[in-house]
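Dear colleague,

I am handing over a structure that you have not worked with before, and I would be glad if you could look through it with the notes below beside you. The notes follow directly after the structure itself.

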Amino acid sequence: MKNKFPVFDKITPSVLEAMPYEYDGKDINVCIETGEFTCLCPWTMLPDFAYIVINYIPNKTVVEFKSLKLYLQSYRMVGMVHESVVNSILNDLVKTIKPKELSIDIKFGIRGGITTTVSAEYLSKETKKK
């Protein structure tokens, strides 16, 4: 693990680490879930709580879990709309681990009587050709 820790007032993708996937060529699904995600509403600066589900098929690397936890914690004091959060996490994970496929679903807790689930996915060029 690198000696990099998140700065809690900005997103810190530099803490994300990739590890070699030992079974190159064998497709598996990695499902990561957490209910410990928070960011801030950009208008009220009140906390938004969310449940995140990340599914991906590794290519040559997998995400190191402690680094992912630190990365997700870096959102804690950042004001972002829900759609930007899901795209930011998707982009940073794709850049770090370069998976064959990756999808992310984030279910945000009730705000003003409304719950929001925002989803995004990535398909590698290799996967799109199939």
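Strand S5 (residues 101–111) and strand S6 pair in the antiparallel sense, and nine bridges join the two. Please keep in mind throughout that this is a predicted model.

Within this pairing of S5 and S6, several partners can be named: Ile106 stands opposite Val118 in S6, Asp105 has Ser119 of S6 as its bridge partner, and Ile104 is bridged to Ala120, which also belongs to S6. The two strands form a hairpin, with two residues between S5 and S6, and in that turn Gly112 has a positive phi of about 65°.

From there it is convenient to move to the whole sheet. Four strands make up an open sheet, in the order S2-S3-S5-S6, and their pairing is antiparallel. Its edge strands are S2 and S6 (114–123), each of which pairs on one side only. If direction is ignored, neighbouring strands of this sheet are turned by 15° against each other on average. As general background, the strands of a sheet pair through backbone hydrogen bonds, either parallel or antiparallel.

Two helices lie against this sheet. Helix H1 packs on the sheet and touches S2 and S3, and the direction of H1 makes about 25° with that of S2. Helix H2 also packs on the sheet, touching S2, S3, S5 and S6, and the direction of H2 makes about 155° with that of S5.

The remaining pairings of the sheet can be described in a similar way. S2 and S3 (residues 47–57) are paired in the antiparallel sense over nine bridges, and Phe37 stands opposite Ala50 in S3. S2 and S3 also form a hairpin, here with six residues between them, and Met45 in the turn has a positive phi of about 60°. S3 and S5, for their part, are paired in the antiparallel sense over eight bridges, and Asn55 stands opposite Ser103 in S5.

Asn55 may be a useful residue to look at in the viewer. Asn55 is found in strand S3, and the C-alpha atoms of Asn55 and Glu101 are separated by 8.1 Å, although these two residues are 46 residues apart along the chain. When residues up to four places away in sequence are not counted, Asn55 touches Asn29, Val30, Cys31, Glu101, Leu102 and Ser103.

The two helices also meet each other. The axes of H1 (residues 65–73) and H2 (residues 82–97) come within 12 Å and cross at roughly 150°, and this crossing of H1 and H2 is right-handed. On the side of H1 the contact is made by Leu68, Tyr71 and Leu72, and on the side of H2 by Ser88, Ile89, Asp92 and Leu93. Sorted by class, the contact of H1 with H2 has five nonpolar residues, one polar residue and one charged residue.

Finally, there is the largest pocket, in which about 220 Å³ of space lies. Which elements supply at least two residues each to the lining of the largest pocket? They are S2 (30–40) and H1, and the largest share of the lining, six residues, comes from S2. The lining includes Ile32, Glu33, Thr34, Glu36, Phe37 and Thr38, together with Phe65, Leu68, Lys69, Leu72, Gln73 and Arg76. By class, the lining of the largest pocket divides into five nonpolar, three polar and four charged residues. Some of these names have come up before: Leu68 and Leu72 of H1 take part in the contact with H2, and Phe37 is the residue that stands opposite Ala50 in S3.

With best regards

Conventions. Residues are numbered from 1 along each chain as its sequence is written. This is a predicted model: local features need pLDDT of at least 70, side-chain atom pairs count only at pLDDT 80 or more; totals for chains, interfaces and linings use all residues. Side-chain values use heavy atoms; hydrogens and water are left out. Axes are lines fitted to C-alpha atoms, for helices over the stretch in contact, and angles run from 0 to 180 degrees between N-to-C directions. A crossing is left-handed if the near helix is turned anticlockwise from the far one by less than a right angle, and right-handed if clockwise. Contact means heavy atoms within 4.5 Å. Ala, Val, Leu, Ile, Met, Phe, Trp, Tyr, Cys and Pro count as nonpolar, Asp, Glu, Lys and Arg as charged, and the others, Gly among them, as polar. On a 1 Å grid over the protein atoms alone, a cavity is a set of points where a 1.4 Å probe fits but cannot get out, and a pocket is an open set with protein on both sides within 12 Å along at least five of seven lines; lining residues have an atom within 4 Å of a point. Grid points are joined across faces, edges and corners, and a volume is the space filled by probe spheres set on the points. Two strands pair if DSSP finds at least two bridges between them.
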